[in-house]
Amino acid sequence: MKQKIDYLTVCYKNYELISLQISNFKKLFGKEFNLIIVDNTPTADKLENFFDKILSDNENIIVVNKYSDIQFDGISHGSAIDFGIKHCKNQIICVFDSDFLFLYKDLNNYIQNLFQSGYVAVGCEFNDGTYDSVKYMDMYP
């Protein structure tokens with residue numbers, strides 16, 4: 001049996017988007033996923049008890065609260081990812097932004113097969129919608 005992948009994302013005041021992510025994960029993967037959510041919302045803005053029902057219905061979801069006050073976005077987000085990785089258990093960890101929605105139903109097998117064939121990291125294609133950056137990536141892949 002193949003191991004599960006730990007999917008790690010950060011919540012920063014976007015609780016509705018996190019709810020959408022959870023629904024999407026259930027639809028795509030059933031119960032074959034581990035989802036770690038780091039609540040990096042500033043402490044004063046955290047929604048108390050938001051995750052209670054989610055956690056009681058989903059043993060494959062872990063929510064970790066990180067004490068957070070307002071700081072530079074990159075530092076805040078990066079430290080939340082570092083904090084969340086400490087709660088991962090599997091060898092394969094997928095770090096993704098909470099506004100990135102997976103659509104491919106066989107993603108777990110696809111990723112596991114890549115790692116079994118020798119890949120050490122995978123990611124999505126870079127295309128931010130601007131021609132210049134894509135042109136640069138085509139020149140220097």
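Gln91 counts as exposed, at 73% relative accessibility. In this predicted model, Gln91 sits in the loop that runs between α3 and β4. Its C-alpha lies 8.5 Å from that of Gln3, although the two residues are 88 apart in sequence.

Other loop residues give a range of exposure. Thr41, in the loop between β2 and α2 (52-57), has a relative accessible area of 0% and is therefore buried, since buried means under 20%. The side chain of Thr41 forms a polar contact with the side chain of Asp39, at 2.8 Å. The loop between β2 and α2 also holds Asn49, but Asn49 is exposed, with a relative accessible area of 57%. Lys13 belongs to the loop between β1 and α1 and is partly exposed, at 47%.

Two of these loop residues have a backbone feature listed below: a positive phi in a residue other than glycine.

| Residue | Phi | Relative accessible area |
|---|---|---|
| Lys13 | near 60 degrees | 47% |
| Asn49 | near 65 degrees | 57% |

**Overall fold**

The protein chain contains five helices and four strands. Along the sequence, these elements follow the pattern β-α-β-α-β-α-β-α-α. The chain has 141 residues, and 37% of them are buried. Among contacts between residues at least 6 apart in sequence, 76% link residues that are at least 24 apart.

**Nonpolar cores**

In soluble globular proteins, nonpolar side chains tend to be buried together. Here the largest nonpolar core has 23 residues, and the members that touch the most others are Tyr7, Phe25, Leu35, Ile37, Ile61 and Phe102. Two or more residues of this core come from each of β1 (6-11), α1 (15-29), β2 (34-39), β3 (61-65) and α4 (107-116). With six residues, α1 supplies the largest share. A second core, separate from this one, is made of eight residues, among them Leu8, Ile36, Ile81 and Cys88.

Phe102 can be followed further. Apart from neighbours within four places in sequence, Phe102 is in contact with Tyr7, Asn24, Phe25, Leu28, Cys94, Phe96 and Leu107. Two of these partners, Tyr7 and Phe25, are themselves listed with Phe102 as core members that touch the most others.

**The largest pocket**

The largest pocket encloses about 660 Å³ of space. It is lined by 26 residues, of which Phe102, Ile111, Val122, Gly123 and Cys124 are the closest to its centre. Phe102 thus appears both in the largest nonpolar core and in the lining of this pocket. The elements giving two or more residues to the lining are α3 (73-85), β4 (93-95) and α4. The largest share, five residues, comes from α4, a helix that also gives two or more residues to the largest core.

What classes of residue make up the lining of the largest pocket? By class, this lining has 23 nonpolar residues, two polar residues and one charged residue.

Notes:
Residues are numbered from 1 along each chain as its sequence is written. This is a predicted model: local features need pLDDT of at least 70, side-chain atom pairs count only at pLDDT 80 or more; totals for chains, interfaces and linings use all residues. Side-chain values use heavy atoms; hydrogens and water are left out. A nonpolar core is a set of buried Ala, Val, Leu, Ile, Met, Phe, Trp, Tyr and Cys residues joined through side-chain atoms within 4.5 Å. Buried means under 20% relative accessible area, exposed over 50%, partly exposed in between (1.4 Å probe, protein chains only). Contact means heavy atoms within 4.5 Å. On a 1 Å grid over the protein atoms alone, a cavity is a set of points where a 1.4 Å probe fits but cannot get out, and a pocket is an open set with protein on both sides within 12 Å along at least five of seven lines; lining residues have an atom within 4 Å of a point. Grid points are joined across faces, edges and corners, and a volume is the space filled by probe spheres set on the points. Ala, Val, Leu, Ile, Met, Phe, Trp, Tyr, Cys and Pro count as nonpolar, Asp, Glu, Lys and Arg as charged, and the others, Gly among them, as polar. A polar contact is a pair of N or O atoms within 3.5 Å; within protein, one must be able to donate a hydrogen and the other to accept it, and residues adjacent in sequence count only if both atoms are side-chain atoms.
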